[in-house]
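Please open the model in your viewer and keep the sequence panel beside it. The stops below say what to select and what is found there.

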Amino acid sequence: MIRVYTAPGSQSCRKVIAWLKEHNLSFIEKNIFSSDLHANELREILERCENGTDDILSKNSKIIKSNKIDFDNMKMDELIAFIKANPSILKRPILMDEHRFQVGYNEEEIRTFIPRHQRG
């Protein structure tokens, strides 16, 4: 099952949701502001990042800049707690399933979420 982490008002999030519906793909949408992000979910997202926190955290976020946060020296549990307390620092949308992981809307890359037998 595809999980999509979204935020209201995000054009990229709307594009991803529309694309998934257009391709009749089942998904679960989780609004990062209104649903409780569980530690195990955030841990899984962080473990999927190839480039560390740069893949999913918006370093230009006011929260990060004003607090001069150094993610490189944070323990995993501290990082998860910080994200839970400040979900706005997450880049979005975040899409993932058992095998794939994508941040943002990319028209070419998102096609990998279509099962191979349905791709045309």
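Which residues of helix α1 are buried? Select α1 (residues 11-22) and colour Cys13, Val16, Ile17, Trp19 and Leu20, which are its buried residues, where buried means under 20% relative accessible area, exposed over 50%, and partly exposed in between, with a 1.4 Å probe and protein chains only. Helices (H or I, at least four residues) and strands (E, at least two) are DSSP runs, numbered from the N terminus.

Before going further, note that this is a predicted model, in which local features need pLDDT of at least 70 and side-chain atom pairs count only at pLDDT 80 or more, while totals for chains, interfaces and linings use all residues. Residues are numbered from 1 along each chain as its sequence is written, and side-chain values use heavy atoms, with hydrogens and water left out.

**Helix α1**

Look down the axis of α1: its buried residues fall within an arc of 160°, so they line one face of the helix, the arc being that of the directions from the helix axis to the C-beta atoms. An α-helix has 3.6 residues a turn, so residues three or four places apart point the same way. Now select Gln11, Lys21 and Glu22, which are exposed on the other side of α1. Among the elements that cover the buried residues of α1 are β1, β2 and β3, judged by contact, which means heavy atoms within 4.5 Å.

Next select Lys15, also in α1, which is partly exposed at a relative accessible area of 42%. A distance drawn from its C-alpha atom to that of Glu107, 92 residues apart along the chain, gives 9.5 Å.

Just after α1 comes Asn24, in the loop between α1 and β2. Its phi is near 55°, a positive value in a residue other than glycine, and at 67% relative accessibility Asn24 counts as exposed.

**Strand β1 and its partners**

Move to strand β1 (residues 2-6), where five of the five residues are buried, so the strand is largely enclosed by the rest of the structure. Show the side chains: Ile2, Val4 and Thr6 point one way from β1, Arg3 and Tyr5 point the other way, and all are buried.

Add strand β2 (residues 27-31), which pairs with β1 in the parallel sense over five bridges; two strands pair if DSSP finds at least two bridges between them. The chain crosses from β1 through α1 to β2, and this β-α-β crossover is right-handed, which is the case if, with the strands pointing away from the viewer, the path from the first strand over the helix to the second runs clockwise. In β2, Phe27 is the bridge partner of Ile2.

Then add strand β3 (residues 94-96), which pairs with β1 in the antiparallel sense over three bridges, with Ile94 in β3 as the bridge partner of Tyr5. In the loop between α4 and β3, select Pro93 and inspect the peptide bond from Arg92 to Pro93, which is cis, with omega near 0°.

What is the relative accessibility of Val4? At 0%, Val4 counts as buried. Leaving aside neighbours within four places in sequence, the contacts of Val4 include Val16, Ile17 and Leu20, as well as Phe27, Pro93 and Ile94.

**Helix α2**

Select α2 (39-48) and mark Glu41, Leu42, Ile45 and Leu46, its buried residues. They cover an arc of only 130° around the axis, which puts them on the same side of α2. Asn40 and Glu47 are exposed on the other side of α2. What covers the buried residues of α2 includes β1, β2, α4, β3 and β4 (101-103).

**The nonpolar cores**

In soluble globular proteins, nonpolar side chains tend to be buried together. A nonpolar core is a set of buried Ala, Val, Leu, Ile, Met, Phe, Trp, Tyr and Cys residues joined through side-chain atoms within 4.5 Å. The largest nonpolar core has 20 residues, and those with the most contacts inside it are Tyr5, Ile56, Leu57, Phe71, Ile83, Ile89 and Leu90. To this core α2, α4 (76-85) and β3 each supply at least two residues, and α4 gives the most, with four residues.

Apart from this core lies another, of eleven residues, among them Ile2, Val4, Trp19 and Ile114.
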